[in-house]
Amino acid sequence: MNPVEVIVEGDAHRLARRAADVVQEYLGSTQDPVLGLATGASVRPLYRELIRRHHREELSFGRVRSFLLDDYIGLGPEHPQCYGNLIETEFSGHVDIEPENLYAPDCRAADPELECDRYDRLVTRAGVGLQILGVGRNGHLAFNEPGSSFESRTRVVRLAAATRADNARYFDGPDQVPALAMTQGIATISQAAHLLVLATGPSKAEAVRAALEGPITSAVPASAIRRHSRVTVLLDPSAARLTGLGR
């Protein structure tokens with residue numbers, strides 16, 4: 001088992017800058033950057049900082065191919081919470097990522113299982129160099145809910161009640177949150193050369209403690225990061241408060 005680099009920053013702004021440094025260093029290290037993108041509250045400050053650097057410091061994403069982790073099943077193509085639309089609103093639409101180089105699972109595919117297989121092969125062939133991740137309140141990684149196998153590939157999943165409750169704030173009510181999603185599996189995610197994991201806020205403290213200090217178990221999907229060869233975890237003090245780092 002390889003050591004995980006864990007960094008606690010004093011506030012969300014400094015955390016975002018530290019995370020953006022990791023992304024910028026990766027982009028400068030290769031002629032063919034392949035970036036895995038997440039959505040969610042923890043990663044929004046990072047995207048804002050990357051957008052700032054693009055406009056103020058000429059950080060370019062023109063050579064980047066990017067792959068989304070997951071998306072809901074059942075939302076219309078124009079729905080703002082469809083993750084392809086959301087990532088454009090929060091990040092890619094504000095930088096120079098070419099639209100044809102932004103990939104997401106097609107959650108309106110007639111055969112979802114076939115689409116999952118297609119997307120898994122696409123991600124695997126691309127070879128993600130840096131994968132951005134958040135951690136769910138119940139320890140989920142992407143939409144890999146507790147109980148997900150560490151050998152799982154891209155597939156259709158049923159979302160846990162806790163996940164749907166957490167995401168209800170982005171919809172008109174909890175009943176509007178889709179019950180199904182497509183997600184890269186833990187084995188698919190783990191193919192990335194470097195995992196960059198962000199967690200902020202007190203609601204993530206227990207999941208962070210379990211992922212970093214508890215047993216490595218499918219009951220806490222995020223604990224799988226400790227089996228990876230290169231991981232950087234960035235936390236704010238409230239997310240780190242139950243760990244040894246937070247004391």
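A salt bridge here is a side-chain nitrogen of Lys or Arg within 4 Å of a carboxyl oxygen of Asp or Glu. With that in hand, Arg-53 and Glu-49 qualify comfortably on paper: their closest N and O atoms are 2.7 Å apart. Keep in mind that this is a predicted model.

## Salt bridges

The structure holds 13 salt bridges. The Arg-53 and Glu-49 pair belongs to helix 2 (residues 44–57), where the two are four residues apart and so separated by about one helical turn. Are these two partners buried or exposed? Arg-53 is buried, and Glu-49 is buried as well.

A second pair brings together the side chains of Glu-57 and Arg-52, at 2.9 Å from N to O. Here Glu-57 counts as partly exposed, at 43% relative accessibility, and Arg-52 is partly exposed too, with a relative accessible area of 32%. These pairs don't stand alone: Asp-21, Glu-49, Arg-52, Arg-53 and Glu-57 are linked in a network of salt bridges.

Then there is Arg-137, which forms a salt bridge with Asp-166, the closest N and O atoms being 3.0 Å apart. Arg-137 sits in the loop between strand 6 (130–134) and strand 7, while Asp-166 belongs to helix 5 (residues 161–167), so this pair ties together parts that are 29 residues apart in sequence. Arg-137 counts as partly exposed at 39% relative accessibility, and Asp-166 does so at 25%.

Here are the three pairs side by side.

| Salt bridge | N to O distance |
|---|---|
| Arg-53 and Glu-49 | 2.7 Å |
| Glu-57 and Arg-52 | 2.9 Å |
| Arg-137 and Asp-166 | 3.0 Å |

## A buried arginine without a salt bridge

Now for Arg-226, found in the loop between helix 7 (205–213) and strand 10 (231–235). This residue is buried yet has no salt bridge. How far away is the nearest side chain of opposite charge? That side chain is Glu-213, and it is 8.5 Å from Arg-226. The cut-off for a salt bridge is 4 Å, so a pair at that distance doesn't count.

What does the Arg-226 side chain reach instead? One partner is the backbone oxygen of Ala-211, at 2.9 Å. Another is the backbone oxygen of Gly-214, which lies 2.6 Å from a polar atom of the Arg-226 side chain.

## The parallel sheet

Next, the strands. Strands of a sheet pair through backbone hydrogen bonds, either parallel or antiparallel. An open sheet of seven strands runs in the order 1-10-9-6-2-3-5, and its pairing is parallel. Strand 1 (5–8) and strand 5 (102–103) stand at the edges, each with a single partner strand, so one side of each has no neighbour in the sheet.

Within this sheet, strand 2 (residues 34–37) and strand 3 (residues 65–68) run parallel and are joined by four bridges. The bridge partner of Val-34 in strand 3 is Arg-65.

Arg-65 also turns up in another pairing: its C-alpha atom and that of Glu-98 are separated by 8.2 Å, although the residues are 33 apart along the chain. Glu-98 is found in the loop between helix 3 (83–90) and strand 5. Glu-98 is partly exposed, with a relative accessible area of 35%.

## The antiparallel sheet

Another open sheet has three strands in the order 4-8-7, this time with antiparallel pairing. Which strands stand at its edges? They are strand 4 (70–72) and strand 7 (155–158), and each has a single partner strand, so one side of each is left without a neighbour in the sheet. From one strand to the next, the twist averages 30°.

Strand 7 is joined to strand 8 (residues 180–183) by four bridges, and the two run antiparallel. Among the paired residues, Arg-158 has Leu-180 in strand 8 as its bridge partner. Helix 4 (residues 112–126) packs on this sheet, touching strand 7 and strand 8, and its direction makes about 120° with that of strand 7.

On the strand 4 side, three bridges make the link to strand 8, again antiparallel. Met-182 in strand 8 is a good place to look: Asp-71 stands opposite Met-182, and Val-156 stands opposite Met-182 as well.

Methods: Residues are numbered from 1 along each chain as its sequence is written. This is a predicted model: local features need pLDDT of at least 70, side-chain atom pairs count only at pLDDT 80 or more; totals for chains, interfaces and linings use all residues. Side-chain values use heavy atoms; hydrogens and water are left out. Two strands pair if DSSP finds at least two bridges between them. Buried means under 20% relative accessible area, exposed over 50%, partly exposed in between (1.4 Å probe, protein chains only). Lys and Arg count as positive and Asp and Glu as negative; His and the chain ends are not counted. A polar contact is a pair of N or O atoms within 3.5 Å; within protein, one must be able to donate a hydrogen and the other to accept it, and residues adjacent in sequence count only if both atoms are side-chain atoms. Axes are lines fitted to C-alpha atoms, for helices over the stretch in contact, and angles run from 0 to 180 degrees between N-to-C directions. Contact means heavy atoms within 4.5 Å.
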